[in-house]
Amino acid sequence: MNDPADLSRAFLVNKPDDAARALEGLPAQDAAAFLATCPPETIGPVLAAFGDEPAAHLLSLMSEVEAVAILKTMAPNEAAFILRAAGETRRAALTEALPKRSAGRVAQLLAYPRDQIGAWTRSDFLTVSPDLTVAQAQARAQASPYELDDPLFLVGTGRTYAGAVRLSEILRARPNRKLRGLTVDDLAPLYDKTTLASIGDLTVWAIHNRVPVVDRRNRFVGVLSEDVLRRALGEAPAEQTARRDEAPNPMVQFTAGYTRFLANALHILLGRSFPRP
């Protein structure tokens, strides 16, 4: 890979945050022209690392076909993050051009004001029925890109939120036990109309980095990740790193170590190559 263009694209893939910072130093027209020559799937993470307005501006300098090709590769919450800053006509056109399912989810996110947490949720985490057994849940987890430190969210009929289950409970419980009897007590859902500013210092972030979000009828809206929250609050990457590097909470350290132990045990018991924490 000696071609400078190939090296530049490899930089986009492997260091999207750094690539975004480098592109910020170019005239926007030149940055957009370069990105338009790259495979669409390599551009999404780079645009996501920009602020919403600079990313929307770069998309505005591309053709609609080029912009839609990029947005199709992005998670709906990331696409909505950028489209929210686009002009109304452009936003409507690009949203409508997305695949039907993605367009519907993006429109749902854009319906929230920017300062409400519902606007920042993701819906692509694994959810299962509370009536599944432990054995069935293990099978579902094996068939999905499930990270071992994620809670398993229980969603019943009509998208009703029914709680979350720890990996440790799934590992210890009898195979025929129903998941609804294993829910945790320290992961209460957040209301989708809650403002971002009011939840930044909640103690839940010391234990969990993903929290379920529901509407007023207790219907599951999605999941709010701490990294997304920090970005929505305007924290720079350096601030987020400093927050993570603060003096560790002994209980958090114990929980993380115990989760790693259980993850390794689950690797052995299920005989499957889960991504390790």
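Visitor: What makes Leu47 and Leu224 worth naming in the largest nonpolar core?

Guide: Of the 61 residues in that core, Leu47 and Leu224 touch the most other members. A nonpolar core is a set of buried Ala, Val, Leu, Ile, Met, Phe, Trp, Tyr and Cys residues joined through side-chain atoms within 4.5 Å. Leaving aside neighbours within four places in sequence, leucine 47 is in contact (heavy atoms within 4.5 Å) with Leu35, Ala55, Leu58, Leu59, Ile70 and Ile82. Apart from this core lies another of 13 residues, among them Val134, Leu154, Ile170 and Leu182.

Visitor: What kind of model is this, and how are its residues numbered?

Guide: The model is predicted: local features need pLDDT of at least 70 and side-chain atom pairs count only at pLDDT 80 or more, while totals for chains, interfaces and linings use all residues. Residues are numbered from 1 along each chain as its sequence is written, and side-chain values use heavy atoms, with hydrogens and water left out.

Visitor: Why is phenylalanine 153 called buried or exposed?

Guide: Buried means under 20% relative accessible area, exposed over 50%, and partly exposed in between, with a 1.4 Å probe and protein chains only. Phenylalanine 153 has 0% relative accessibility, so it counts as buried. Phenylalanine 220, with a relative accessible area of 7%, is buried too. Of the 277 residues of the protein, 42% count as buried.

Visitor: Why is the pair of phenylalanine 153 and phenylalanine 220 called tilted?

Guide: Rings of Phe, Tyr and Trp (its six-membered ring) pair if their centres lie within 6.5 Å; planes under 30 degrees apart count as stacked, over 60 as edge-to-face and the rest as tilted. The centres of phenylalanine 153 and phenylalanine 220 are 6.1 Å apart and the planes are at 35°, so the pair is tilted. Phenylalanine 153 is in strand 2 and phenylalanine 220 in strand 6, 67 residues apart.

Visitor: What makes the pair of tyrosine 161 and phenylalanine 220 stacked?

Guide: Their ring centres are also 6.1 Å apart, but the planes are at 15°, so this pair is stacked. Tyrosine 161 lies in strand 3 and phenylalanine 220 in strand 6, so the pair ties together parts that are 59 residues apart in sequence. Phe153, Tyr161 and Phe220 form one aromatic cluster.

Visitor: How do you know that the buried residues of helix 9 are on the same side?

Guide: Helices (H or I, at least four residues) and strands (E, at least two) are DSSP runs, numbered from the N terminus. In helix 9 (residues 100-110) the buried residues are Ala103, Arg105, Val106 and Leu109. They cover an arc of only 165° around the axis, which puts them on the same side of helix 9. The arc is that of the directions from the helix axis to the C-beta atoms. On the other side, Lys100 and Arg101 are exposed.

Visitor: Why do strand 1 and strand 3 stand at the edges?

Guide: Two strands pair if DSSP finds at least two bridges between them. The open sheet of 3 strands has the order 1-2-3, with mixed pairing. Strand 1 (127-128) and strand 3 (161-165) each have a single partner strand, so one side of each is left without a neighbour in the sheet. Strand 1 and strand 2 pair in the parallel sense over 2 bridges.

Visitor: How is strand 5 joined to strand 6?

Guide: 5 bridges join the two strands, which run antiparallel. Arginine 210 stands opposite serine 225 in strand 6.
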